[in-house]
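Reader: I should like a close look at a single part of this model, namely the paired strands and the side-chain contact that accompanies them. Please describe that part in one connected account.

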Amino acid sequence: MYNDYGYNNYGAAPDMRRRLNMMQRQQAYQQPYMSPPVIPPQSGISGRIVTSIEEARAAQIPLDGTAVYFPAPAENKIYVKYIGLDGMPVFNVYQMAQDVKQPVYAEAGALQALQQRVAQLESMVKGARQNVQSNADNAANGAAAKQQ
């Protein structure tokens, strides 16, 4: 009765070994399993031009955490949307600065006057260092003076 299904009087173990050997021989002659092709990541910046903040907020983004940029040239703003590490969407707004102030440089005459003043102060400090004497008693000198 059991022999019809591959079982013999000694149990199922010999039949299982035979089937395992047969499967291993079949695998040796077949080509190895090919993994699905890997899609390379996109190069460049992902995003598109929008007309308002509402359009940028409503846009769908990938859930892998990559940032998607939405420039709005009419508003001089760039909206950035991505999924944060906590799984919540993050929406940042960057606005182009309107008033860029140029650096103010000192006039040549003012610079020379400052250089002369610094030189004068340095000469005063050097002269003061040469005439400085300490009035403090050194512990070793004070002990020697008391013994004499």
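**The paired strands and their aromatic contact**

Author: Strands E2 and E3 pair in the antiparallel sense, with seven bridges between them. The model is a predicted one. E2 covers residues 77–83 and E3 residues 89–95. One bridge of this pairing can be named: Lys77 has Gln95 in E3 as its partner. The two strands form a hairpin with five residues between them, and there Gly87 adopts a positive phi near 90 degrees.

On its other pairing, E2 meets strand E1, which spans residues 68–72; the sense is again antiparallel, over five bridges. Here Pro71 has Ile78 in E2 as its bridge partner. E1 and E2 likewise make a hairpin, with four residues between the strands, and Asn76 in the turn has a positive phi of about 55 degrees.

A side-chain contact also joins E2 and E3. A search of the whole structure yields one aromatic pair. The ring centres of Tyr79 and Phe91 are 5.7 Å apart and their planes lie at 20 degrees; the pair therefore counts as stacked, since planes under 30 degrees apart fall in that class. Because Tyr79 belongs to E2 and Phe91 to E3, the contact ties together parts twelve residues apart in sequence. Tyr79 is buried, its relative accessible area being 1%.

Outside these strands, the search of the whole structure finds one salt bridge, formed by Glu55 and Arg48 with their closest N and O atoms 3.0 Å apart. Glu55 is partly exposed at 27% relative accessible area, and Arg48 is partly exposed at 39%.

Notes:
Residues are numbered from 1 along each chain as its sequence is written. This is a predicted model: local features need pLDDT of at least 70, side-chain atom pairs count only at pLDDT 80 or more; totals for chains, interfaces and linings use all residues. Side-chain values use heavy atoms; hydrogens and water are left out. A salt bridge is a side-chain nitrogen of Lys or Arg within 4 Å of a carboxyl oxygen of Asp or Glu. Buried means under 20% relative accessible area, exposed over 50%, partly exposed in between (1.4 Å probe, protein chains only). Rings of Phe, Tyr and Trp (its six-membered ring) pair if their centres lie within 6.5 Å; planes under 30 degrees apart count as stacked, over 60 as edge-to-face and the rest as tilted. Two strands pair if DSSP finds at least two bridges between them.
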